[in-house]
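The exercises below ask you to read a structure step by step, beginning with one pair of residues and ending with a whole chain. Try each task with the structure in view before turning to its solution.

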Amino acid sequence: MKMKNKIIHAIFDDEQDVLSVVKDLRDKKFIVNEVYSPFPIHGLDPILGLKETRMAITAFIYGCIGLSFGALLIYYIMISGVGKSWPMNIGGKPNFTFYHNLPSFVPIIFECTVLFAAHLMSLTYLFRNKLYPGANTTSPDPRTTDDKFLVEVLYSENKTDIITLLKKSNVCEINEKDEV
Amino acid sequence: MHKESKIRDPLILGNKTYHDITRDIARPVEGKANKYWWILFSLSAVLMLWGFACMAYTIGTGIGVWGLNKTVDWAWDITNFVWWIGIGHAGTLISAVLLLFRQKWRMAINRSAEAMTIFGVAQAALFPLIHMGRPWLAYFVFPIPNQFGSLWVNFNSPLLWDVFAISTYFSVSCVFWYIGLIPDFAMLRDRMDKKIAPMRKKLYTLMAFGWSGRAKHWQRFEEVSLVLAGLATPLVFSVHSIVSMDFATSIIPGWHTTIFPPYFVLGALFSGFAMVETLLIIMRKVVNMESYITIKHIEYMNVIILFTGSLVGVAYITELFMAWYSGVEFEQYAFLNRATGPYWWAYASMMTCNVVIPQLYWIYKIRTSLIATFILSIFVNIGMWFERFVIIVTSLHRDFLPSSWTMFSPTFIDIGIFLGTIGFFFVLFLLYSRAFPVVAQAELKSILKSSGSEYKK
């Protein structure tokens, strides 16, 4: 099988045109490699065949880690470790057992959960998107953060079919590139 | 594509295209500051420096330079602390809670409201820090292994809850803000010409983190925004609840009430929206955002102010009722003393500014008038400051022992530090309005075709 190593960049003015073009291209089994847009296009993900993102699941896992961290930290400081050597009775809440004191530990355990979930999920998001300070943009056209939508099609042959299909839509520019 | 009723008022006025939005949002960053900006900036900077001088004097000499005394041992500083934290709450409400409720009008104001949150919380954090007297020992409040023998923090204490709540709130707000800013910094980066503004191009390249707007990135962006909103929503309610517990878990009459958490949260939203209006009514004019921050946006915020203001009024009356109904004479005296004692004028200002004046928003003409809204928002800011003053100072100044009854009056250092934080806040906000995209343009573009006035015809 030949590698699909040639690229067509089709530039659009309107997100509705992108939706219909991507659908037509994928119906005809052409490979839509990427869509660059200035804002999220709702309804594009299923048409483009993107899987659902798992960011929320990571947040849940990080939240669980934060919850355990908060609980263990408090358990060590107030009950088991330091708490053993410096027993305290504050407001009639002696620190012999964790669960008797739990109500006054809830706020900090909650804050730790949120702290871990929010920060670690955001870091995962940056990591997965390869976003870091000073990284260079990978968008082929700077106008895609302004008002243009760019559809990137990969192909090796039947270029004319793709061009004809694109020309039938409201495309405003078609650029061809040779290498990937 | 979103569909929206024709009857609903448009959120973006004028015949805007995507490119117009880009240009309008980038203009204040790319252009030069006008005269008014410089005047405001100089004034704020002078106030800020004066505040810093007062802080330095406090730290160098000691807390004795403040007006605090043995009876009223919490006063001016914690009033300002709670006031600033409260102001921060509107930003998170707008960006997180209104996102969960799918309120699209938030998109024009969330960026600035969240900037206000971050700058407000930064001012708030200054007060406990300088009240420590030795701010270089501030790390004592964190549970870190140390060399002082096993000296650890007390997890039963609401003051420690506050440390955790506020540091989590501050850092999560910053992250939420920045995740939203990345695509907008990318927009600015792509507009900058390498030859004309090489430094700025580099700066925005650095800050845009290499954003390119791929479909998968946008998908993750939306999910991360939604989850952060879901996390920030209980967080924002927990923060002011915990601030209220600094008072409510004590046994001081007038503080020891279970209504405090919801009452403080509502008050925070109330004052926060007032500050958002104070800032945005000026900002929309100075940076030409009238097409995006419209009268409709102001009206929606006024409705929230009316709602939360009325609930705060209900809370005041409930407190009075519960004091009487409890049958505890100390509690009854504390509230009687608030309304008729030597600080009656503070109580009267609070009642007038927070309960009576916002009722004017029932009148359509007033809640859609910019001048009226601006004046009323100032009243609410003042009223909410007095609310904290009333709760803190009037509850303390009549102690359990009549021999220790006394009054509190601020010194010029107290006033200087407070004015200094106002100056610092405006310095940060003015710098932000010149360097950051003040409206979340990527989000705004996504509603242009459903809520733009051109497309609603």
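**Exercise 1: a sheet in chain A**

In this predicted model, the bridge partner of Ile11(A) in strand 5 of chain A is Leu150(A). Starting from that pair, work out how strand 1 and strand 5 of chain A run and how many bridges join them, then place both strands in their sheet and find which helices lie against them.

*Solution.*

Step 1. Strand 1 (residues 6-12) and strand 5 (residues 149-155) of chain A run antiparallel, and 7 bridges join them.

Step 2. Both strands belong to an open sheet of 4 strands in chain A, whose order is 2-5-1-6 and whose pairing is antiparallel. Strand 2 (31-36) and strand 6 (173-177) of chain A stand at the edges, and because each has a single partner strand, one side of each is left without a neighbour in the sheet. From one strand to the next, the twist averages 20 degrees.

Step 3. Helix 1 (residues 15-27) of chain A packs on this sheet, where it touches strand 1, strand 2 and strand 5 of chain A, and its direction makes about 10 degrees with that of strand 5. Helix 6 (residues 159-168) of chain A lies across strand 1, strand 5 and strand 6 of chain A, and it runs at about 160 degrees to strand 5.

**Exercise 2: where the chains meet**

How many residues of chain B are in contact with chain A, and which helix of chain B gives the largest share of that side?

*Solution.*

Step 1. On the chain B side, 51 residues are in contact with 58 residues of chain A.

Step 2. Helix 1 (18-30), helix 5 (158-191), helix 6 (198-208), helix 7 (215-248) and helix 15 (441-451) of chain B each supply at least two residues of the side that touches chain A. The largest share, 16 residues, comes from helix 7 of chain B.

Step 3. Sorted by class, the side of chain B that touches chain A has 27 nonpolar, 16 polar and 8 charged residues.

**Exercise 3: the build of chain B**

Describe chain B by its helices and strands, and decide how its radius of gyration compares with that of a compact globule.

*Solution.*

Step 1. Chain B has 15 helices and 0 strands.

Step 2. Since a compact globule with 457 residues would have a radius of gyration near 23 Å, the 23 Å of chain B agrees with that expectation. Along its principal axes, the C-alpha trace of chain B spans about 70 × 55 × 40 Å.

Step 3. Of the 457 residues in chain B, 51% are buried. Among the contacts in chain B with a separation of 6 or more, 83% are between residues 24 or more positions apart.

Technical notes. Residues are numbered from 1 along each chain as its sequence is written. Chains are lettered from A and ligands numbered from 1 in the order in which they are written. This is a predicted model: local features need pLDDT of at least 70, side-chain atom pairs count only at pLDDT 80 or more; totals for chains, interfaces and linings use all residues. Two strands pair if DSSP finds at least two bridges between them. Axes are lines fitted to C-alpha atoms, for helices over the stretch in contact, and angles run from 0 to 180 degrees between N-to-C directions. Two residues are in contact if their C-beta atoms, placed from the backbone, lie within 7 Å. Ala, Val, Leu, Ile, Met, Phe, Trp, Tyr, Cys and Pro count as nonpolar, Asp, Glu, Lys and Arg as charged, and the others, Gly among them, as polar. The radius of gyration is taken over C-alpha atoms; the globule rule is 2.2 Å times the number of residues to the power 0.38. A residue is buried if 20 or more other C-beta atoms lie within 10 Å of its own, exposed if 12 or fewer, and partly exposed in between; C-beta atoms are placed from the backbone.
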